[in-house]
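Hi,

Here's the structure I promised to pass on. Have a look at it first, and my notes on the aromatic rings follow underneath.

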Amino acid sequence: QVQVVQSGGGLVQPGGSLTLSCTASGNIFKIYGMGWYRQGPGKERELVAGAGSDDTTKYDDSVKGRFTISRDNAKNSVTLQMNSLKPEDTAVYYCNVDILSGVHRRDYWGQGAQVTVSS
């Protein structure tokens with residue numbers, strides 16, 4: 001059994017910063033990609049940032065230069081540092097982890113965290 005648990009999020013003023021963290025635990029043989037998605041009001045879920053097992057990273061154009069994703073393979077964790085936040089960053093943020101558990105490989109999702117950017 002695998003669990004993916006997030007922490008962080010909340011309310012911040014425009015220009016502020018927040019950090020999201022996510023840790024996977026349980027019967028994990030290997031972790032492939034780790035990433036963060038978000039879903040704004042009335043919008044579809046979209047990829048914000050991803051970190052591959054080969055240390056490559058990718059970002060949505062809207063967050064480049066403001067958000068930083070980092071993973072700690074020893075701790076099975078991934079963090080999203082969000083700086084210079086804008087009102088349009090308001091969304092529920094989800095951690096996504098591609099995990100091989102036993103003989104099954106699939107995506108696991110965190111529980112989601114509300115990020116609200118407002119003055």
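Searching the whole structure turned up 2 aromatic pairs. Bear in mind that this is a predicted model.

Start with Y37 and W109: their ring centres are 5.1 Å apart and the planes meet at 65°, and since anything over 60 degrees counts that way, the pair is edge-to-face. This pair ties together distant parts of the chain, with Y37 in strand β4 (residues 30-39) and W109 in strand β10 (residues 104-109), 72 residues apart. As for how covered they are, Y37 has 24% relative accessibility and so counts as partly exposed. W109 is also partly exposed, at 35%.

The other pair brings W109 together with Y94, again edge-to-face, at 6.4 Å centre to centre and with 85° between the planes. Here too distant parts of the chain are linked: Y94 belongs to strand β9 (residues 91-101) and W109 to strand β10, 15 residues apart. Y94 comes out at 16% relative accessibility, so this one counts as buried.

Put the pairs together and you get one aromatic cluster made of Y37, Y94 and W109.

There are a couple of charges over rings to look at as well. What lies over the face of W109? That's R45, at 4.6 Å from the ring centre. Over in another spot, R106 has its charged end above the ring of Y108, 4.0 Å from the centre of that ring.

If you open the model, try W109 first: Y37 and Y94 share a cluster with it, and R45 lies over its face.

Cheers

Methods:
Residues numbered from 1 in each chain as written. Predicted model: local features only at pLDDT ≥ 70, side-chain atom pairs only at ≥ 80, totals over all residues. Heavy atoms only, no water. Phe/Tyr/Trp six-rings, centres within 6.5 Å; stacked < 30°, edge-to-face > 60°. Helix = DSSP H or I, 4+ residues; strand = E, 2+ residues; numbered from the N terminus. Buried < 20%, exposed > 50% of the residue type's maximum accessible area, 1.4 Å probe, protein only. Lys NZ or Arg CZ within 6 Å of the ring centre and 35° of its normal.
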